[in-house]
Amino acid sequence: MIEESFEAKGKRKRLIEELRSKGINDERVLGAMGKVPRHLFMDDAFLRHAYQDKAFPIAAGQTISQPYTVAVQTVLLGVGKRDKVLEVGTGSGYQAAVLAEMGVKVYTIERQRELYRKAQIMLGDLGYRIHFFLGDGYEGQPQYGPYDGIIITAATAEVPDKLLKQLRIGGRLVVPRGERDSQVMTLYERRGEDDYEITTHGYFVFVPMLRGIANGNDRD
Ligand code: SAH
């Protein structure tokens with residue numbers, strides 16, 4: 001069990017109020033984000049900023065998403081207890097922890113070995129039971145599908161057909177779609193075998209979704 005200070009709890013509470021003021025009103029999502037100790041997912045250099053509503057660098061040239069972004073994606077995903085979700089881009093593991101805190105069964109893929117290892121250790125220490133994969137999210141994890149939700153936490157211009165096919169009918173896929181500098185948050189709701197309803201939900205900036213397992217820091 002990891003102990004945490006009153007200070008972290010207080011800062012987290014203020015962050016939740018800030019998210020509320022920015023229009024997030026899904027209590028299940030706010031409740032989960034109010035419990036997950038975000039500071040434990042950050043590098044020491046950024047610890048004191050852990051409860052600011054900002055993205056920060058993590059290892060391997062990647063970032064932990066801004067809390068507001070995590071909230072928007074989680075609300076759009078629209079999943080709950082015992083639903084099965086595939087995440088592409090484990091990163092720090094924070095988004096996976098928020099989903100697990102909501103009672104979701106999480107399967108998460110990362111292409112950076114260091115992040116895959118770190119997240120596995122951190123989430124294990126925190127008592128979350130999550131399935132981790134080192135691999136290429138473009139392939140998904142068909143053997144555990146179909147999923148009630150798929151959340152892509154890296155930017156891609158094209159949504160892989162393989163991932164759309166791993167969604168159950170009625171399931172939802174959330175993806176920041178676009179090129180490097182700006183992406184539009186896009187929701188795909190699978191209505192039938194080849195029928196997807198697509199809606200868009202504002203602009204965001206993510207690190208790119210890249211192919212294959214990484215051979216080093218992506219910003220080198
Ligand atoms: N969900 C993360 C955000 C991580 S940033 C969090 O809560 O911290 C996006 C992550 O996607 C990076 O770690 C990057 O390495 C990873 N990524 C990029 N392309 C990928 C791919 N094809 N498959 C799996 N992971 C990928």
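**Contacts and crossings in a predicted model**

Trainee: What makes the ligand's approach to Arg111 a polar contact?

Mentor: A nitrogen atom of the ligand is 3.4 Å from a polar backbone atom of Arg111. A polar contact is a pair of N or O atoms within 3.5 Å, so this pair counts. The model is predicted: local features need pLDDT of at least 70 and side-chain atom pairs 80 or more, while totals for chains, interfaces and linings use all residues. Residues are numbered from 1 along each chain as its sequence is written, and side-chain values use heavy atoms, without hydrogens and water.

Trainee: How do you know that Glu110 and Asp136 make polar contacts with the ligand too?

Mentor: A ligand oxygen is 2.6 Å from an N or O atom in the Glu110 side chain. For Asp136, a polar side-chain atom lies 3.0 Å from a ligand nitrogen. Both pairs therefore meet the definition.

Trainee: Why is α3 called oblique to α4?

Mentor: The axes (lines fitted to C-alpha atoms over the stretch in contact, with angles from 0 to 180 degrees between N-to-C directions) of α3 (residues 67–77) and α4 (residues 94–101) cross at roughly 45° and come within 11 Å. Oblique is what remains after under 35 degrees (roughly parallel), over 145 (roughly antiparallel) and 65 to 115 (roughly perpendicular), so α3 is oblique to α4. Helices here are DSSP runs (H or I) of at least four residues, and strands (E) of at least two.

Trainee: Which residues make the contact between α3 and α4?

Mentor: Val70, Gln73, Thr74 and Leu77 of α3 meet Tyr94, Gln95, Val98 and Leu99 of α4, contact meaning heavy atoms within 4.5 Å.

Note on methods: A polar contact is a pair of N or O atoms within 3.5 Å; within protein, one must be able to donate a hydrogen and the other to accept it, and residues adjacent in sequence count only if both atoms are side-chain atoms.
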